[in-house]
Amino acid sequence: MPPKRPNKVLIVFLAAGGTLLGVGAIAVAIALTMSWQGGAKSPTAPSTTGQQKLVAVFLNDDVTPTQMREILQTLQPDPGVISVAYVARQHSETSTQLPPSIRPNQPTALFVARIRDTATIKALRQRLAGRPGVQDVKDSE
C-alpha cells in the first residue's frame, strides 16, 4: 500500500486560516491598546474648550500591522492628543460621528485623534504625512 500524501488544498486552507487568525489577533491587540489608552473618552465627544479638533489618519489598503502600530505610537504619546480611535474600513463612510470634512469618499480604515490645539495638528501632519501605510492626513479645521 503506497504512503498517504498530504492534501494540498487542505494545507493551503489551513495556512490561509492561520494567517487570518494572526492578522485578526494583531488587530484586536491594537484595538484593545487604543481603548485602554483612551479610556471612556471618545474621539468625537464634545471638547470642553468649545470646538473639537480632530485629525484623521487615512490608512493605505495594504497597511501592515507593524505600520499601524508605528502610526499609533506616533499619535498616542503626544501630550496634545486627547484620545485615539480606530475606524474600520467598513464603517468609515457611514459613521455619523465623523464630521464631513474628514469623512472619506470611499471606504478606508483610519485613526481618528482628538486634539487639544492647532499646533499639535500641524506637528502631527508633518510627522505622519508620507509615512509608510499612511494614505492621507486631514483635520477638521
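This is a short talk on the fold of one predicted chain and on how far the model can be read.

Some ground rules come before the fold. The model is predicted, so to speak of a local feature I need pLDDT of at least 70, and side-chain atom pairs count only at pLDDT 80 or more, while totals for chains, interfaces and linings use all residues. Residues are numbered from 1 along each chain as its sequence is written, and side-chain values use heavy atoms, with hydrogens and water left out.

Confidence comes next. pLDDT is the predictor's confidence in each residue, on a scale from 0 to 100. The average for the chain is 76, and 69% of the residues score at least 70. Among the elements, helix 2 has the highest mean, 91, and helix 1, residues 8–38, the lowest, 60. Over residues 35–50 pLDDT stays under 50, and the model has 21 contacts there beyond four places in sequence; contact means heavy atoms within 4.5 Å. Where pLDDT is low, the predicted coordinates should not be read in detail.

Now the layout. There are four helices and four strands, in the order α-β-α-β-α-β-α-β from the N terminus. Helices (H or I, at least four residues) and strands (E, at least two) are DSSP runs, numbered from the N terminus. Of the contacts with a separation of 6 or more, 73% are between residues 24 or more positions apart.

In what order do the four strands of the sheet stand? The order is 2-3-1-4, in an open sheet with antiparallel pairing; two strands pair if DSSP finds at least two bridges between them. Strand 2 (81–87) and strand 4 (134–139) are the edges, and each has a single partner strand, so one side of each is left without a neighbour in the sheet. From one strand to the next, the twist averages 15°.

Strand 2 pairs with strand 3, residues 110–115, over six bridges in the antiparallel sense. One of the bridge partners is Ala113 in strand 3, opposite Val84. Six of the seven residues of strand 2 are buried, so strand 2 is largely enclosed by the rest of the structure. Buried means under 20% relative accessible area, exposed over 50%, and partly exposed in between, with a 1.4 Å probe and protein chains only. For the whole chain of 141 residues, the buried share is 36%.

There is one aromatic pair. Tyr86 and Phe111 meet edge-to-face, 5.7 Å centre to centre with 65° between the planes. Tyr86 belongs to strand 2 and Phe111 to strand 3, 25 residues apart. Rings of Phe, Tyr and Trp (its six-membered ring) pair if their centres lie within 6.5 Å; planes under 30 degrees apart are stacked, over 60 edge-to-face, and the rest tilted. Phe111 is buried at 0% relative accessibility, whereas Tyr86 is partly exposed at 35%.

Last, two helices. Helix 2, residues 65–75, lies across strands 1, 2, 3 and 4, at about 5° to strand 3. Helix 4, residues 118–128, also lies across strands 1, 2, 3 and 4, at about 170° to strand 4. Axes are lines fitted to C-alpha atoms, for helices over the stretch in contact, and angles run from 0 to 180 degrees between N-to-C directions.

Gln67, Met68, Ile71, Leu72, Thr74 and Leu75 are buried in helix 2. Thr66, also in helix 2, is partly exposed at 40% relative accessibility.
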